[in-house]
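These are my notes from a session of looking things up in one structure, taken element by element.

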Amino acid sequence: MKNKTIRFTLLIPLIVTFLLSGCTTLYPALPAAPVTPELVTPQPTVAPDLGTLGDALYPNLGNAGYDVQHYALDLSVDVTSNTITATTVISAVAMTALDSFHLDLSGLRVDNIDVGGQPADFTREDGELIITPAVALAEGETFSVTVAYGGQPEPRAMPMLGQIGWLQRGETIVVVSEPFGASTWFPSNDHPQDKATYDIRITVDEPFVAASNGLLIDVIEADGQRTYVWDVINPMATYLATVAIDEYIIEEEEGPNGLPIINFITPGTRDVALLALENTSEMIEFYTELIGPYPFESYGAIVLPLGFSLETQTRSLLSQGHLLMPGEEVVAHELVHQWFGNSVSLEQWQDIWLNEGFATYLSWLWAEHRYGPERLESIVTGSIQAPFNVNPPGTPSADNLFAQTVYVRGALTLHALRLRLGEETFFDLIRQYYATFRDDNVSTEEFIALVEEISGEELDAFFEKWLYTTGIPSLTEE
Ligand SMILES: [Zn+2]
């Protein structure tokens with residue numbers, strides 16, 4: 001996600017500094033008392049909390065106990081009244097025996113739920129939809145949940161971004177979910193740890209066009225309505241699913257290796273969009289060579305007359321305003337996220353610098369490739385002087401997830417690593433990082449372990465300084 005505002009809030013990561021610097025014993029050690037086995041009372045078994053995946057920043061996101069395989073979303077959208085009538089069918093595997101389980105759903109009216117074809121009871125509490133099937137699920141059992149629901153989706157408030165999720169602006173509807181907006185339009189296991197495949201059907205009145213993720217496999221016209229049928233064949237995190245409805249012009253082209261590129265452009269943004277998107281194929285080729293094969297079944301952009309850009313999987317949302325800034329940078333940034341962010345997903349939201357630092361740095365590498373090393377040098381020189389970079393990017397709070405330092409000092413961390421490791425090792429690292437975590441999840445710890453393995457160097461002090469310590473480090477200091 002490309003953020004809109006610059007924040008100068010001083011983020012002092014006291015807790016992390018404390019944790020990383022190791023605990024000091026504050027109390028004199030007492031001699032250990034002998035343990036008498038019969039005096040040890042058994043601890044009661046605590047039932048696991050099924051309503052969380054333990055994300056440090058967003059503990060309400062995601063649910064434990066099952067693994068989603070596939071979402072089938074079917075939405076009929078009345079654009080004028082901004083209401084939906086919808087069914088979501090989730091196919092999942094129970095990871096443990098379950099008497100009940102949770103889905104994330106915010107707002108909307110739930111009409112009916114069944115599990116495996118039988119009506120199920122449900123309750124709702126703080127964005128959690130808690131479902132009790134008629135027959136308990138056994139560990140390892142594959143099951144399906146059908147949720148019939150509807151109403152007027154309500155966006156959720158997100159610091160720095162305003163609103164996220166299902167948004168309506170006049171007769172434009174668009175879903176921009178990072179990091180917790182997916183629950184505004186479909187029940188889900190809303191965390192990048194549980195990726196799944198999708199098919200998405202959206203019915204709208206003519207002349208509206210409904211864009212979404214993956215491949216457009218059919219458009220069914222009947223009674224003044226169109227149903228757009230989309231197929232997502234590679235696993236996708238919930239926050240990367242989108243629907244965008246407007247009177248779009250569809251522009252198709254063939255990318256490298258026959259990759260279908262489908263762009264959705266509103267008539268008013270056509271000139272700006274076509275200019276900014278003219279290098280898309282060349283960029284895909286450049287990044288394929290740099291990182292590895294393009295991860296998905298298709299690509300394209302949805303150009304919006306709104307202030308949001310987001311790397312929604314296979315079809316990036318691009319704000320017309322961002323395309324006017326320097327369009328190439330944002331086009332490259334959201335494209336890089338298809339590899340880093342979408343295919344290589346975060347284990348925890350606090351590691352967001354892995355998404356944004358890579359997307360930002362690799363968009364600078366496009367500038368280096370296209371305009372020469374002086375261009376990269378001038379971007380780096382300008383960036384390192386930015387005052388917000390005094391704040392380290394490694395531990396943003398939930399209110400500062402998209403702070404500018406996460407992007408820019410995240411990118412500078414990678415540039416400093418390139419200077420430290422040398423060209424060959426650094427670019428080998430980029431390729432191996434993608435190959436190792438493709439279609440999977442990664443933490444900062446795992447990234448650092450891979451860097452140390454590939455380089456043969458001990459780099460704790462380097463990453464401590466760049467990611468977790470206040471004050472702008474020197475790019476070349478050992
Ligand atoms: Zn981004």
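Before counting any pairing, I noted the criterion: two strands pair if DSSP finds at least two bridges between them. I also wrote at the top of the page that this is a predicted model.

**Entry 1, the sheet.** I began with strand 17 and strand 18 (residues 260–265), and found that they pair in the antiparallel sense over six bridges. Within this pair I located E251 opposite N263, and I noted I262 of strand 18 as the bridge partner of E252. The two strands form a hairpin with five residues between them, and N257 in the turn has a positive phi of about 55°.

Moving on from strand 18, I found that strand 18 and strand 19 pair in the parallel sense over two bridges, with F264 standing opposite I302 in strand 19. Strand 19 and strand 20 also pair in the parallel sense, here over four bridges, and A301 stands opposite S316 in strand 20.

Put together, these strands give an open sheet of four strands in the order 17-18-19-20, with mixed pairing. Strand 17 (249–254) and strand 20 (316–319) each have a single partner strand, so they stand at the edges and one side of each is left without a neighbour in the sheet. Neighbouring strands of this sheet are turned by 20° against each other on average, direction ignored.

I then asked myself which residues of strand 19 are buried on its two faces. For strand 19 (residues 301–304) I listed A301 and V303 on one side and I302 and L304 on the other, all of them buried, so that both faces are covered.

**Entry 2, Q320.** I looked next at Q320, which lies in helix 4 (residues 320–324). Is Q320 buried or exposed? I recorded it as buried, because Q320 has 20 C-beta neighbours inside 10 Å, and a residue needs 20 or more to be counted that way. Leaving out residues up to four places away in sequence, Q320 touches T269, V272, V303, L304 and P305; of these, V303 and L304 are among the buried residues I had listed for strand 19. I also checked S309, which is 11 residues from Q320 along the chain, and the C-alpha atoms of the two are separated by 8.8 Å.

**Entry 3, helix 10.** I compared the length of helix 10 (residues 444–455) with expectation: at 1.5 Å a residue its 12 residues should span 16 Å, and its end C-alpha atoms are 16 Å apart, which agrees. In helix 10 I found T444, F447 and V451 buried. They cover an arc of only 60° around the axis, which puts them on the same side of helix 10. On the other side of helix 10, E445, A449 and E453 are exposed. When I looked for what covers the buried residues of helix 10, I found that the cover includes helix 6 (353–371), helix 9 (423–437) and strand 22 (440–442). Helix 10 is followed by G456, whose phi is positive, near 70°.

**Entry 4, helix 3 against helix 6.** Since helix 6 had come up, I looked at its packing with helix 3 (residues 280–291), and read an angle of about 110° with the axes 11 Å apart. Helix 3 and helix 6 are therefore roughly perpendicular to each other. The contact is made by M283, F286, Y287 and L290 of helix 3 and by L362, L365, W366 and H369 of helix 6.

Key: Residues are numbered from 1 along each chain as its sequence is written. This is a predicted model: local features need pLDDT of at least 70, side-chain atom pairs count only at pLDDT 80 or more; totals for chains, interfaces and linings use all residues. Axes are lines fitted to C-alpha atoms, for helices over the stretch in contact, and angles run from 0 to 180 degrees between N-to-C directions. A residue is buried if 20 or more other C-beta atoms lie within 10 Å of its own, exposed if 12 or fewer, and partly exposed in between; C-beta atoms are placed from the backbone. Two residues are in contact if their C-beta atoms, placed from the backbone, lie within 7 Å. The expected span of a helix is 1.5 Å times one less than its number of residues. The arc is that of the directions from the helix axis to the C-beta atoms. Angles under 35 degrees count as roughly parallel, over 145 as roughly antiparallel, 65 to 115 as roughly perpendicular and the rest as oblique.
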